[in-house]
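Biologist: I am new to this protein and would like to go through it slowly. Could you show me the structure, so that we can take it one question at a time?

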Amino acid sequence: MSASSYTGGMNRALLALCLLLPAVPAHAARVQVFSIQGADCADCADRIRDQLKKTKGVGKVEFDKQKVELTVKLDDGVSDGVVLAAAERAGLKAVVGPGQGAYLPHPEYPAGADVAWLSRDGAAVGPLDKLRVDGKYTVFDVYADWCGPCRAVDEHLREVVAARADVAVRKLNLVDFDRPLGRELGDRLQALPHLVVFTPAGRRVDVSGAEVEKLDKALAAK
């Protein structure tokens, strides 16, 4: 066999081998999960997204509002520090890896206030009229940790119970609309926050949204 024939055979063999090998992208990407801390609403993740839009090599960004985690697609060579810095610029903290995300805790209610949590995990509680407090205005506060406007209502309720002994607050953590509590509340629940107020006489008033003026009006109804 001549040298040229041998070389040609080797080239054909190498070409055949290359055709069998999987193609390697010019810019391999990886997906990294970041736990977000210090957020008071699900929309806070948008601030991080806005920061990352300006960064080369950052692809799809998704936020899990229940786990409080950001999943980011990064080009090869783009460090995790890019996302950590973006979160810091957005006023939040990001930690590499899952399982450490958390919203800011809700402030405590005043000592001695008539406040109780009926559901912390979206569990059903039964008919609300059976749970109202006799002789008081009873406010059933349906909220979620990821709902920013819910925190404004919560702050107002803390002020109300600090000033009025005739108001009882019952907290209902919806978690999400597909939980048993959401299904139990039915069509009246269209958005968060959602408040159900019973007067001492048993009259029911529903308030949808962070409408504190409507809440105050309901707390003055007979």
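Biologist: What is the volume of the largest pocket?

Modeller: A word of care comes before the number, because this is a predicted model and every value is computed from it. For the largest pocket, the computed volume is about 180 Å³.

Biologist: Which residues lie nearest the centre of the largest pocket, and how does its lining divide into nonpolar, polar and charged?

Modeller: The lining of the largest pocket is made of 13 residues. By class, the lining divides into seven nonpolar, two polar and four charged residues. Those that lie nearest the centre of this pocket are Pro-105, His-106, Trp-117, Tyr-143 and Asp-145.

Biologist: Turning to the whole protein, how many helices and strands does it have?

Modeller: Of the 222 residues in the protein, 38% are buried, and of its contacts with a separation of 6 or more, 71% are between residues 24 or more positions apart. The exposed area is about 12500 Å², with carbon and sulfur atoms supplying 54% of it. As for the elements themselves, the protein has six helices and ten strands.

Biologist: Which side chains of strand S10 point to the face where they are buried?

Modeller: Strand S10 covers residues 204–208, and its side chains alternate between two faces. Arg-204, Asp-206 and Ser-208 point to one face and are not buried, whereas the buried side chains on the other face are those of Val-205 and Val-207.

Biologist: Which residue stands opposite Val-207?

Modeller: Strand S10 runs antiparallel to strand S9, which spans residues 194–198, and five bridges join the two. The hairpin they form has five residues between the strands, and there Gly-202 takes a positive phi near 95°. Across the pair, the residue that stands opposite Val-207 is Leu-195.

Biologist: Which peptide bond is cis?

Modeller: As a general background, most peptide bonds are trans. Here the cis bond leads into Pro-193, a residue in the loop between helix H5 and S9. With omega near -5°, the cis peptide bond is the one from Leu-192 to Pro-193.

Biologist: What values of phi do Val-68 and Val-175 take?

Modeller: Most residues other than glycine have a negative phi. Val-68 is in the loop between strands S2 and S3 and is buried at a relative accessible area of 3%, while Val-175 is in the loop between strand S8 and H5 and is buried at 12%. Both take a positive phi, which for Val-68 is near 55° and for Val-175 is near 70°.

Biologist: Is Gln-32 buried or exposed?

Modeller: Gln-32 has its place in strand S1, which covers residues 29–39. Leaving aside neighbours within four places in sequence, Gln-32 is in contact with several residues, including Leu-70, Val-72, Asp-80 and Val-96. Its relative accessibility is 18%, and because the cut-off for burial is under 20%, Gln-32 counts as buried.

Biologist: How far apart in space are Val-167 and Gly-135, C-alpha to C-alpha?

Modeller: Val-167 has its place in strand S8 and is buried, with a relative accessible area of 1%. Beyond its neighbours within four places in sequence, its contacts include Asp-114, Tyr-137, Val-160 and Leu-219. Val-167 and Gly-135 are 32 residues apart in sequence, and their distance in space, C-alpha to C-alpha, is 9.1 Å.

Biologist: What distance separates the C-alpha atoms of Ser-119 and Leu-181?

Modeller: Ser-119 lies in strand S6, residues 115–119, and is buried, with a relative accessible area of 4%. Leaving aside neighbours within four places in sequence, Ser-119 is in contact with Val-125, Lys-171, Leu-172, Asn-173 and Leu-181. Although Ser-119 and Leu-181 are 62 residues apart along the chain, the separation of their C-alpha atoms is 8.3 Å.

Biologist: What is the relative accessible area of Gly-81?

Modeller: Gly-81 is found in helix H3, residues 81–89, and its C-alpha atom is separated by 9.9 Å from that of Val-95, 14 residues apart along the chain. Partly exposed lies between under 20% for buried and over 50% for exposed. Gly-81 counts as partly exposed, with a relative accessible area of 36%.

Methods: Residues are numbered from 1 along each chain as its sequence is written. This is a predicted model: local features need pLDDT of at least 70, side-chain atom pairs count only at pLDDT 80 or more; totals for chains, interfaces and linings use all residues. Side-chain values use heavy atoms; hydrogens and water are left out. Helices (H or I, at least four residues) and strands (E, at least two) are DSSP runs, numbered from the N terminus. Buried means under 20% relative accessible area, exposed over 50%, partly exposed in between (1.4 Å probe, protein chains only). Contact means heavy atoms within 4.5 Å. Accessible areas come from the Shrake-Rupley method with a 1.4 Å probe; for residues, only the protein chains shown count as cover. Two strands pair if DSSP finds at least two bridges between them. On a 1 Å grid over the protein atoms alone, a cavity is a set of points where a 1.4 Å probe fits but cannot get out, and a pocket is an open set with protein on both sides within 12 Å along at least five of seven lines; lining residues have an atom within 4 Å of a point. Grid points are joined across faces, edges and corners, and a volume is the space filled by probe spheres set on the points. Ala, Val, Leu, Ile, Met, Phe, Trp, Tyr, Cys and Pro count as nonpolar, Asp, Glu, Lys and Arg as charged, and the others, Gly among them, as polar.
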